[in-house]
Amino acid sequence: MASKKIDRLSFDATLEELETIVHQLEQGSLPLEEALKQFEQGIHLVRAGQQKLELAEQKIQILLSQADGSDQLPPFQPEQGDE
């Protein structure tokens, strides 16, 4: 799957594709070259998913902004190890 195609996937489709790859890799039956290709594809999917989540977070922050520019909720601060 090309990187441009990954960018067009919905967040849910990205997760489904990633789950499929993880399942294939966990089985351990893929030849090394195919496993490396699948791993690389998985990395691309993870990055695309992270970008989609960051965009959603930005949209939520904009929607929650009050007229005076302050946020109704404090900005999201991920805990150590969540990144």
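# Lys 52 and the pairing of α2 with α3

User: Which residues does Lys 52 touch, leaving aside those up to four places away in sequence?

Analyst: In this predicted model, Lys 52 touches Ile 6, Asp 7, Leu 9, Ser 10, Phe 11 and Thr 14, where residues up to four places away in sequence are not counted. Lys 52 itself has its place in helix α3, and its C-alpha is 8.9 Å from that of Asp 7, although the two residues are 45 residues apart in sequence.

User: What makes Lys 52 count as buried, partly exposed or exposed?

Analyst: The relative accessibility of Lys 52 is 21%, and the class of buried residues requires a value under 20%, while exposed requires one over 50%. The value falls in between, and Lys 52 therefore counts as partly exposed.

User: How do you know which class Gln 38 belongs to?

Analyst: Gln 38, which also lies in helix α3, has a relative accessible area of 15%. Since the cut-off for burial is under 20%, Gln 38 is called buried. Its contacts, again without residues up to four places away in sequence, are with Ile 21, Gln 24, Leu 25 and Leu 30.

User: Why are α2 and α3 described as they are in terms of their relative direction?

Analyst: Helix α2 (residues 11–27) and helix α3 (residues 32–64) pack at an angle of about 155°, and their axes are 9 Å apart. Angles over 145 degrees count as roughly antiparallel, so α2 and α3 are roughly antiparallel to each other. The contact involves, among others, Phe 11, Thr 14, Ile 21, Gln 24 and Leu 25 of α2, and its residues on α3 include Gln 38 and Lys 52. Sorted by class, this contact of α2 with α3 comprises 9 nonpolar, 6 polar and 2 charged residues. The crossing of the two helices is left-handed.

User: What makes the pattern of the protein α-α-α?

Analyst: The secondary structure comes to 3 helices and 0 strands, and reading along the sequence gives the pattern α-α-α. Of the 83 residues, 14% count as buried, and among the contacts with a separation of 6 or more, 49% join residues 24 or more positions apart.

User: How do you know which elements have the lowest and the highest confidence?

Analyst: By mean pLDDT, helix α1 (residues 3–8) is the lowest among the elements, at 78, and α2 the highest, at 95. The protein as a whole averages 84, with 76% of the residues scoring at least 70. Where pLDDT is low, the predicted coordinates should not be read in detail.

Notes:
Residues numbered from 1 in each chain as written. Predicted model: local features only at pLDDT ≥ 70, side-chain atom pairs only at ≥ 80, totals over all residues. Heavy atoms only, no water. Axes fitted to C-alpha atoms, helices over the stretch in contact; angles between N-to-C directions. Helix = DSSP H or I, 4+ residues; strand = E, 2+ residues; numbered from the N terminus. Parallel < 35°, antiparallel > 145°, perpendicular 65-115°, else oblique. Left-handed = near helix turned anticlockwise from the far one by under 90°. Contact = heavy atoms within 4.5 Å. Nonpolar A, V, L, I, M, F, W, Y, C, P; charged D, E, K, R; others polar. pLDDT = per-residue confidence, 0-100. Buried < 20%, exposed > 50% of the residue type's maximum accessible area, 1.4 Å probe, protein only.
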